[in-house]
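User: Can you walk me through this model? I'd like to go over how the chains sit together, then some helix packing.

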Protein chains: 2
Amino acid sequence: MKRREFIGAAAIGALAASAAAQAQPPRRTYKRIATEEGFLIPEVLDENERIMRAGGPQLMTRGAGVMAQNSIDIGAGRIAKMDADGVDMQLLLLSSPGVQVYDRDKAVALAKLANDRVAAAVKAYPTRLAALTTIAPQDPIEAVKELERGVRTLGLNGVLVNSHTNNEYLDLPKFWPIFEAAEALDAPIYIHPRDPAAGMAQIMTGPVLGGPAFAYGVEVAVHALKLIDAGLFDRFPKLKIVIGHMGESIPFWLQRIDNRFLWSTRTAPSKLKRLPSEYFKANFWVTTSGMNYKAPLMMTIEQLGIDRVLYAIDYPFENQGEAVKFAEAMPLTPAQKMKFFQTNAQSLFKIKTI
Amino acid sequence: MKRREFIGAAAIGALAASAAAQAQPPRRTYKRIATEEGFLIPEVLDENERIMRAGGPQLMTRGAGVMAQNSIDIGAGRIAKMDADGVDMQLLLLSSPGVQVYDRDKAVALAKLANDRVAAAVKAYPTRLAALTTIAPQDPIEAVKELERGVRTLGLNGVLVNSHTNNEYLDLPKFWPIFEAAEALDAPIYIHPRDPAAGMAQIMTGPVLGGPAFAYGVEVAVHALKLIDAGLFDRFPKLKIVIGHMGESIPFWLQRIDNRFLWSTRTAPSKLKRLPSEYFKANFWVTTSGMNYKAPLMMTIEQLGIDRVLYAIDYPFENQGEAVKFAEAMPLTPAQKMKFFQTNAQSLFKIKTI
């Protein structure tokens, strides 16, 4: 072969290799763990049906059709969808409002049932599913027991609270044993949205303002800021709280909250040992919950650091395949993607099986 | 002079010129117009005093001490402070909650008085002060008249509403003549924060969550989203609404609101002609209100474009000198600074005298 021909062949070979690389992207070096994924058990929906048949209100709005089928499937069907969409692991949370709309004893029983059921699903697919422990704050003592059973005995990865319970937030002292137990077990508590407490819900209505468009975010931000204001993190400094939707707007407000906190407390000193933002940066982690939008994500990472930001889809309420594509399109470095998609979740939720 | 000496002298000259440049920054090519600056008139505070003496509630919380003195001074003292802090012009707004907490007739009368008083101040310092027309939504017909008098006769630069009035928002049809008049005059309406409507205010309390730390922002965001949800901008497509605090978190939520709006309306179609974010980008302008923080500002500019983002200090509630330094430290290009500090405000509020 003459030298010119050899060079030509090499160039063609390089082109072909380049085309192959374009057709097949480089193998991922990280797993995708989605950390706020919904599930339901039929008995939770049935209780709402029973109440409605007795003339009561519709307490769960997400119980119908394909969404309910996808929520209830915590087996092979869900795994097949994860395979199709490129999701390695889902961290499962009992969908909002979970058991928190039911009578105390019923809620306690349904929480146990949901935890047993989801623990069995995790046991069947230990490399694909993880889950949080549902508790019923209606009964704080039983909630502590169930939290301990979920984390210690069932091997679940933390605790779920679907925000307020009968319009009460967890800043009230009667709920603090829940935080004491969670801190002792190093179990993160995920505060997931639901329709806001009554006073706010009356005002925040309609498809632009009510429900998941805006009101859910206010509800959880209010809950988080109430916990800070109550001095919870002075009492339990190692407590770990997780909230979705990139921090429910708190990263946007972070310096403003400090600024006005200092202004309000210049004449009426606060009992807090630190600034609000210091607690938020020390005790909170945030997930994206399907909000894979560049500008707010970059802002959130700049405000909190990449170690505090976790990937989440909010399946089945968001399109899982799109959520993967959108998240992969974010301008993150390979090292940031490793943390965002995998290692932050592994570390926070003690996921050892992926 | 030998050649080496000549070069040495030139180098020393260059060094000296460089040192002078460092000591004295290059002359600004833009004016600084601050677009959400507070003022009060004594009669508005007096009305609260009168109510309290009669056993009523304290309706204005910002009425005491230096803050009140600085609020009431719309003359030489204010101009001297602006000179000291490097502010070329303040756009004045009657401080929250303004006249909106008083009985209808009293509110109408106080709005007129405030407008006469501030128009006189603007006349005394036409290159340093501009102002918005206070209206009393308690009486929509009188509000329309006063809006027209303020903009046409007094030459004021738009309209001020301190959010809800007796827990009512401007999405109610009885208030729409106000928007009709504002659109006809191409007068922007600034929706400024106050403590939220009753249902929200009960829940959002304390220095971390209540008042200006977080609740004010929710209050105005709720108001803005109610206007969008009501179809106001289909009816008045040229209407211009201004909100502070970099859009009161709406830029953070922008794509999420569209996403869940589409989800909620897939089965219950909306009457809106466009997506919520389209109205927000077409009909809203935002100011910084002293929030000169890099990450949220850059996000807001990326979401809305630099043409929609205006500088504001929120004097006297924020430190004016710091607010100038912080804003100048933002990583904006000279062209962006020109728009942010000056020309966006000139264009939106029709400021011709600077």
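Analyst: Below we take the chain pair, then the salt bridges, then a pair of helices. Keep in mind that this is a predicted model.

User: Start with the pair. What turn and shift lay chain B on chain A?

Analyst: A turn of 180°, with a shift of 0.0 Å along the axis. The RMSD of that fit is 0.0 Å. The two copies are thus related as by a two-fold rotation axis.

User: Which residue of chain B comes closest to the rotation axis?

Analyst: B:Gly199. Its C-alpha is 1.9 Å from the axis.

User: And what share of the contact residues of chain B recur in chain A?

Analyst: 100% of them, and the same surface serves both copies. Each side is counted too: 54 residues from chain B and 54 residues from chain A.

User: How much area do the two chains bury between them?

Analyst: About 5,000 Å². Carbon and sulfur atoms account for 70% of that.

User: Which three residues of chain B supply more than any other three?

Analyst: B:Val208, B:Phe252 and B:Arg256. They supply 15% of the area that chain B buries against chain A.

User: OK, charges. How many salt bridges are there between chain B and chain A?

Analyst: Six. One salt bridge joins the side chains of B:Arg256 and A:Glu318, at 3.6 Å from N to O. B:Arg256 is also one of the three residues named for buried area.

User: What's the count over all chains?

Analyst: 40 salt bridges. Among them is A:Lys106 with A:Glu47, where the closest N and O atoms are 3.8 Å apart.

User: Where in chain A do A:Lys106 and A:Glu47 lie?

Analyst: A:Lys106 is in helix H5 (residues 104–124) and A:Glu47 is in helix H2 (residues 42–53), so the pair ties together parts that are 59 residues apart in sequence.

User: Switch to chain B. How do the axes of H2 and H5 cross there?

Analyst: At roughly 155°, and the axes come within 9 Å. Angles over 145 degrees count as roughly antiparallel. That makes H2(B) roughly antiparallel to H5(B).

User: Which residues make the contact?

Analyst: From H2(B), they are B:Pro42, B:Glu43, B:Val44 and B:Glu47. From H5(B), they are B:Lys106, B:Leu110, B:Leu113 and B:Arg117.

User: How does that split by class?

Analyst: Four nonpolar, four charged and no polar residues.

Key
Residues numbered from 1 in each chain as written. Chains lettered and ligands numbered in written order. Predicted model: local features only at pLDDT ≥ 70, side-chain atom pairs only at ≥ 80, totals over all residues. Heavy atoms only, no water. Axes fitted to C-alpha atoms, helices over the stretch in contact; angles between N-to-C directions. Helix = DSSP H or I, 4+ residues; strand = E, 2+ residues; numbered from the N terminus. Parallel < 35°, antiparallel > 145°, perpendicular 65-115°, else oblique. Contact = heavy atoms within 4.5 Å. Nonpolar A, V, L, I, M, F, W, Y, C, P; charged D, E, K, R; others polar. Least-squares fit on C-alpha atoms with pLDDT ≥ 70 in both. Buried area = accessible area lost by both parts, 1.4 Å probe. Salt bridge = Lys/Arg side-chain N within 4 Å of Asp/Glu carboxyl O.
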